Amino acid sequence: MQFTNGTVQEFILLGFEVGQLQQLLLLTFFTLLYMLAMAENITIITLVVLDTHLARLPMYIFLSNFSWLEICYVNTTMPRMLLDLALSSKIISFSSCFFQYYIFGSLGSTECFFLSSMALDRYLAICHPLRYPQIMSPNFCYILITASWVLGFLAPMVPVMLISKMSFCGPNVIDHFLCDPGPILALACPPIPKPPIISQIFMDVVVVLGNIVFVVLSYGSVIVTLMKNSSKGNRVKSFSTISFHLLVVTLFYGPLAGMYVNPGVADPNVTKIVTLCYTAITPFLNPMIYCLRNDQMKEALLRLWRRKAVFVKSKMDSVKKRKGTGNIQHCSLR
C-alpha cells in the first residue's frame, strides 16, 4: 500500500468474490454482453445517421445520441471490470479511480437529463401536437442534447473535487468493481468532513429526484391526455409507445434512486448487483426495447439493406464488365 502525505495512492477493486470457474463464467457472460450492447447501439446510430428520414425526426435524434451515451457508459465500467476478472491484479491508482468516479457520475447525470428531454419530446408530441413541429425542431433537439451533456458533466464536479481532497489512511480495498462514492467514502480517515457528503447527497437528490419528478409529471400528463382525447385505436398505439419509454425509465431510475439517494445503506453485494443493472444490463436492453417493435427502425434497416444490395450488385456488374472488356481485347490481340 503506497502512502503520500498520509493518504493512500492506490486502491484495490475487490470486484466479485467468487471461485475461478465462476470468475471465468462471469468473464464470458459480461464479454458477450459488452459486445452485444456495443453492436446494438452502434447499429442504431448508423441507421439514424445514414437514413435521411429518421435523421430529421426528433425522437430518433434523441435515440441516436442516447445510444452514443450508452456506448460511453459501458466503456467507462465494463473494460476495467473485464480486465479485473481476467487478471489477478486489481490495483487502480488514486487518480484513475477518481477519474472513473467523475466520468461514471457525469454519464449517469447526463442520462438523467436525456431521459427528461425524451419525456419532454413525448409530452409535446401527444399533449401539444399542433405546436410540436414548431417547438421540437432539430435545432431545439440539439440544444437539449448539448444542455444534457453540459449539465451532466458539471453536476458531479464539486463532490468529486471535495472527496478527492479527503485523506484515505487505509485500508485501501474498495468492495466494488468500480470507483463509486459510497465505497470510497467508507475508506476515508475519520472524522469525515460534512461538506463532501452534503455536496454528494445534494447532487444526487437534485439530479436524480429532480429528473424523476419531471419525468413522472411529463408521462402523467401524457397518460391523462391519451385517456381523455384519443380514440381506442390511437390510444392503444400511443400507450404501446409510451410503455417502452416508461420501461426504459424504470430500468434506469429504479436501481439508481434506491442506491444514490441513500448512499452507503445497501449491502455491498446488493450494491454490485444493482450497479450491474444500469451499467451493463440496461445498455444492452435499451436498444431492443426502443427498436424491437419500432416499424420505422425496421423500415430504415430494410432501406439500408436494399441500398447495400444495390451497391454490391453494381460493383459486381462493374467488375464483370471490366473482365468482359479485358477478355475481348485479349482475343482481338491474339
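# Salt bridges, a disulfide and a cavity

Author: The side chains of arginine 80 and aspartate 84 meet in a salt bridge, at 3.2 Å from N to O. The model is a predicted one.

Reader: Why is the contact of arginine 80 and aspartate 84 called a salt bridge?

Author: The cut-off is 4 Å between a side-chain nitrogen of Lys or Arg and a carboxyl oxygen of Asp or Glu. The N to O distance for arginine 80 and aspartate 84 is 3.2 Å, so the pair qualifies. In general, side chains of opposite charge can pair when their charged atoms come close.

Reader: What separates arginine 80 and aspartate 84 along helix H2?

Author: Arginine 80 and aspartate 84 are four residues apart in helix H2, which means a separation of about one helical turn.

Reader: What makes arginine 80 count as buried, and what makes aspartate 84 count as buried?

Author: Buried means under 20% relative accessible area. Arginine 80 has 19% and aspartate 84 has 7%. Both values are under the cut-off, so both residues count as buried.

Reader: How many salt bridges does a search of the whole structure find?

Author: The search finds three. One of them pairs aspartate 121 with arginine 122, with the closest N and O atoms 2.9 Å apart. Aspartate 121 and arginine 122 are both buried. Another joins lysine 272 to aspartate 175, and there the closest N and O atoms are 2.9 Å apart.

Reader: Why does the pair of lysine 272 and aspartate 175 tie together separate parts of the sequence?

Author: Lysine 272 lies in helix H10 (residues 268–291), and aspartate 175 lies in the loop between S5 and H7, so the bridge ties together parts 97 residues apart in sequence.

Reader: Is lysine 272 buried or exposed, and what does aspartate 175 count as?

Author: Lysine 272 has 3% relative accessibility and therefore counts as buried. Aspartate 175 has 26%. Partly exposed covers the range between under 20% and over 50%, so aspartate 175 counts as partly exposed.

Reader: How do you know that cysteine 97 and cysteine 179 form a disulfide?

Author: The sulfur atoms of cysteine 97 and cysteine 179 are 2.0 Å apart. The cut-off is 2.5 Å, so the pair is a disulfide. A search of the whole structure finds one disulfide. The pair links distant parts of the chain, with cysteine 97 in helix H3 (residues 94–127) and cysteine 179 in the loop between strand S5 (173–174) and helix H7 (181–185), 82 residues apart.

Reader: What is the handedness of the disulfide of cysteine 97 and cysteine 179, given its torsion about the S-S bond?

Author: The torsion about the S-S bond is about -120°, so the disulfide is left-handed.

Reader: What makes cysteine 127 count as buried?

Author: Cysteine 127 has a relative accessible area of 19%. The limit is under 20%, so cysteine 127 is buried. Cysteine 141 is buried with a value of 0%. The disulfide partners are buried too: cysteine 97 has 0%, and cysteine 179 has 0%.

Reader: What residues line the second largest cavity?

Author: The lining is Leu13, Leu14, Gly15, Phe16, Met81, Asp84, Leu85, Lys90 and Phe177. Helix H2 (residues 58–86) gives the most to this lining, with three residues. The volume of the second largest cavity is about 60 Å³, and the structure holds two cavities of 30 Å³ or more.

Reader: How do the residues of that lining divide into nonpolar, polar and charged?

Author: Six are nonpolar, one is polar and two are charged. Gly counts as polar, so Gly15 is the polar one.

Reader: What is phenylalanine 214 called in terms of relative accessible area, and why?

Author: The value for phenylalanine 214 is 36%. That falls between the limits of 20% and 50%, so phenylalanine 214 is partly exposed. Phenylalanine 214 sits in helix H8 and touches Ser116 and Leu120, not counting residues up to four places away in sequence. Phenylalanine 214 and alanine 119 are 95 residues apart in sequence, with 8.2 Å from C-alpha to C-alpha.

Reader: What is the peptide bond from proline 190 to proline 191, cis or trans?

Author: Omega is near -5°, and the bond is cis. Proline 191 is placed in the loop between H7 and helix H8 (194–229).

Notes: Residues numbered from 1 in each chain as written. Predicted model: local features only at pLDDT ≥ 70, side-chain atom pairs only at ≥ 80, totals over all residues. Heavy atoms only, no water. 1 Å grid on protein atoms, 1.4 Å probe; cavity = no way out; pocket = protein on both sides within 12 Å on 5 of 7 lines; lining within 4 Å. Points joined across faces, edges and corners; volume = space filled by probe spheres on them. Helix = DSSP H or I, 4+ residues; strand = E, 2+ residues; numbered from the N terminus. Buried < 20%, exposed > 50% of the residue type's maximum accessible area, 1.4 Å probe, protein only. Contact = heavy atoms within 4.5 Å.
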